[in-house]
Amino acid sequence: MAYEVTATRRRPQQFESLAGQEFVVSTLKNAIEQGRIAHAYLFSGPRGVGKTTSARLLAKALNCVHGPTATPCGECDNCKGIAKGSSLDVIEIDGASNTGVNDVRAIKEEVLFPPTSSRYKIYIIDEVHMLSQSAFNALLKTIEEPPEYVVFIFATTETQKVPATIRSRCQQFNFQLIPLETIEKLLGDAAQEMGIKADKDALFWIAKEATGSMRDAYTLFDQVVSFSNGEITLDKIREKLGVVGMERIGQIMADILSRRQSAAMDKVNDLLAKGVSTEQVIKDFTDYFRTLLLIKEGVKSENVLGERMESFPPEIRTAFNEEQLEAGLDLFLNLYRDIRYSLNPRFELELAVSKLSRLRYVASNASVLEQLARLKNDLVTGTITPLNPALADQKTIEPQAATPLQTTTPKTDVPETAPSKKSSSPAPTTTPESSNAQPVVQEPQPVVAPAVETPHEEEKVHGAQPTLEGLKGVLPQGIVDVKNEDDGLVLCFANKLFYQLALRSLQKVKDDVSAKLGAQANVVLALSERNETQPQPEPAVQAPLNEAVPPETPAKAQPVQTPPKPEPQAAVPIQGAAPTQSTAPTQVKTMNALEEERKNLINDLILAFDGREEKI
C-alpha cells in the first residue's frame with residue numbers, strides 16, 4: 001500500500017472530528033437538521049485549519065444516500081466518491097488556476113444540468129480570492145439565484161480580497177486557529193497510532209511551531225518521525241533541525257545578568273558554529289522576550305505564551321520591568337528587518353547581544369518623569385528609592401543617615417537667634433559682614449524663624465528633659481541639638497536643606513514628639529548658619545573680638561568666656577569654648593563630611609538615571 005501522509009490519513013470524516021471549530025460544526029449541523037440549506041457558503045480563515053475539509057464534509061452530508069444528514073454514513077458510493085475526490089456531482093476548482101471570466105462562463109453553463117446521481121451539484125472553489133474582478137462579476141447572478149440543486153462553497157485565506165457583493169450573497173464562516181493543547185493531543189494520538197514513542201516536550205515544540213495550523217503540525221511531525229528512528233525527543237529535533245530553543249537563550253541571558261559578557265558571546269558563537277542560522281537565533285531571541293513580556297503582564301496560558309513557564313527561571317522573569325522587555329523585543333524585531341541590508345548579519349547579532357548588558361538601565365521619557373516626581377517626594381521623607389530595580393543595591397540616603405554627623409558636628413557654630421517670648425532684648429541680626437565680627441564664644445538664644453512662629457498655647461515641657469538621643473526615631477533628619485526653652489521644644493538645624501524639609505512636615509513632627517513625650521508640646525524649629533568658607537581665626541585675635549561684643553548682649557553670656565566655669569546648663573559644652581587652633585581642623589573635617597554627604601545625595605540622583613538616555 002502506498003504511503004499516505006499523516007495530514008491526509010487523519011483528515012476528519014465526520015463533523016465531530018473537526019478540531020477547534022465548534023461554532024462552524026454546530027451551525028452547519030443545525031442548518032442541515034432543520035433543512036435550511038443555503039445556496040452559497042464562504043469559509044474563511046488561516047491555512048490548515050479545516051476549510052476544505054469542512055466543505056467536503058458538508059458535501060457528504062448533503063449527498064449521502066441517508067441524507068441530508070449531519071452524520072453521513074461514509075459507506076455509500078456518494079460518500080466514498082466525495083472522500084476520494086471522484087464524485088461527478090462535487091466539483092472542486094482551484095481558484096488560482098481558473099481566474100478568468102471564461103472559466104466562470106463554463107460554470108454557468110454546467111449549472112443548467114442537474115446532478116447525475118446525487119441530490120445536489122456542489123461547486124467547491126478553493127482560494128476564491130484569486131479570481132479576477134470580471135470573474136466575480138460574472139458569478140453574481142448565478143450565486144444569487146442558482147438552480148435549487150446547486151450549492152457553492154468558497155474557501156479563502158484572505159477574505160478581505162473577496163468583493164463585498166460576493167460576501168453579501170454567501171453565509172460566511174470564520175475559521176479559527178487551533179489551540180496548542182488540541183494540536184499537542186492530536187499529535188500524541190498520531191504517534192501512538194504509528195507506534196512511535198514521543199516526548200511531551202518534543203510534541204509541545206511541534207505544536208508551537210505549527211502556529212495553530214493542524215496541517216502544518218502533521219507535516220512537521222512527519223519530518224521529525226523520518227529521522228527519529230521510532231523515538232521523538234527534543235534533543236534530536238534541536239540537533240537535526242538547527243533549533244536554538246528557550247533553554248539555550250535562557251543560558252545566554254543568565255550570563256548577561258551575571259555580567260559574564262564573554263561567556264554569553266561564546267554561547268552565541270557556539271550556536272552559529274553548529275549551523276544555526278543568524279535569522280533563527282534572532283527569531284528565538286524575539287520569541288524569548290515576547291514570552292517574558294507576556295509573563296510580566298500576567299499571562300499564564302501556554303496557548304498564548306507558546307512556551308512553558310518552567311522554561312523561564314524566576315530570576316530572569318523578575319530582572320526586567322515591562323518597558324525594558326519592550327525595548328528588548330523591539331531591538332530584535334528591528335534587527336530582523338535590518339539584517340537583509342547588513343554588511344554581516346553576524347555582526348549585527350553580536351552587537352545586539354552586547355547591548356543587552358545595558359538593558360536594565362533603559363527607561364522611557366515617561367518613566368524618567370515619574371522618577372523625578374518620586375524623587376521629589378523622597379526628598380521630603382529623606383530617602384531615595386530608585387525606580388529601576390537593578391539599582392536597588394546602590395547607595396541610598398536613609399532617614400538616619402545624618403546620625404553620624406551629629407557626633408562630629410562642631411558645637412562652635414553660632415546659631416542665628418531671635419528673641420524668645422520672655423527675652424528682655426533682641427539679639428542682633430547676623431549678616432555676611434557681621435558674622436565674621438561676632439565673637440564665636442557668644443551663646444545667644446536660638447532664632448525662631450518667622451515662617452514657623454506659632455502661638456505659644458502649649459506650656460514648656462516639664463518633668464522629663466527631652467534629649468536628642470531620647471527622641472531618636474521621631475525627629476526629622478538633620479537635627480544637631482534639642483533644647484527645652486520657655487517657648488517650647490526647640491529643634492536646632494545646622495543645614496538649611498534639612499531645615500526646609502522639616503518645615504514642610506512641621507505638624508507631623510509636633511504630633512510625633514508629643515506622642516513620644518506623652519504630653520502636648522510646642523515644637524519650634526531653629527536654623528544656625530555656619531561659616532563654611534574659612535576656618536575661625538587664631539587665638540591671637542580673641543582680644544579684638546571680645547572688645548567688639550555689642551553692649552546689647554545680655555550679661556549672662558559673659559561668664560561663658562571663662563574656661564574654668566562653663567555654663568552647666570549648656571546642652572552642648574563646646575559652644576562655650578573659645579575657638580582655638582585645635583578646633584579649626586575639626587571644623588574643616590566636619591564641613592568636609594557634610595560636603596561629602598551632599599555629594600552622595602547628588603551621586604544617588606545621578607545613579608537613579610544612569611544610562612537612561614542610552615538607546616538599545
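**Reading burial, charge pairs and cores**

Mentor: Start with Glu 350: at 22% relative accessibility, it counts as partly exposed. Buried means under 20% relative accessible area, exposed over 50%, partly exposed in between (1.4 Å probe, protein chains only). This is a predicted model, with pLDDT of at least 70 needed for local features and 80 or more for side-chain atom pairs, while totals for chains, interfaces and linings use all residues. Numbering runs from 1 along each chain as its sequence is written, and side-chain values use heavy atoms, without hydrogens or water.

Trainee: Which residue forms a salt bridge with Glu 350?

Mentor: Side chains of opposite charge can pair when their charged atoms come close. A salt bridge puts a side-chain nitrogen of Lys or Arg within 4 Å of a carboxyl oxygen of Asp or Glu. Here the partner is Arg 346, with the closest N and O atoms 3.2 Å apart. Arg 346 is partly exposed, at 33%. The two sit 4 residues apart in helix α18, so about one helical turn separates them. Helices (H or I, at least four residues) and strands (E, at least two) are DSSP runs, numbered from the N terminus.

Trainee: How many salt bridges does the whole structure hold?

Mentor: The search finds 16. Among them, Lys 267 pairs with Asp 255, the closest N and O atoms being 2.7 Å apart. Lys 267 is in helix α13 and Asp 255 in helix α12, so this bridge ties together parts 12 residues apart in sequence. Asp 255 is buried, at 4%. Lys 267 is partly exposed, at 28%. Another pair is Glu 144 with Arg 169, at 3.2 Å between closest N and O atoms. It links helix α6 to the loop between α7 and β5, 25 residues away. Arg 9, Arg 10 and Glu 193 form a network of salt bridges.

Trainee: What is the nearest side chain of opposite charge to Asp 287?

Mentor: Lys 208, 4.0 Å away. Asp 287 is buried but has no salt bridge. Its place is in helix α14, residues 278-296. Beyond neighbours within four places in sequence, Asp 287 has contact (heavy atoms within 4.5 Å) with Lys 208, Met 246 and Glu 307.

Trainee: Which residues touch the most other members of the largest nonpolar core?

Mentor: A nonpolar core joins buried Ala, Val, Leu, Ile, Met, Phe, Trp, Tyr and Cys residues through side-chain atoms within 4.5 Å. This one has 40 residues; Met 253, Phe 285, Tyr 288, Phe 289, Phe 332, Leu 349 and Leu 356 touch the most other members. Helix α14 gives the most to this core, 9 residues. Leu 356 touches several residues distant in sequence, including Ile 256 and Leu 331. Apart from this core lies another, of 28 residues, including Leu 187 and Phe 221.

Terms used. Lys, Arg positive; Asp, Glu negative; His and termini not counted.
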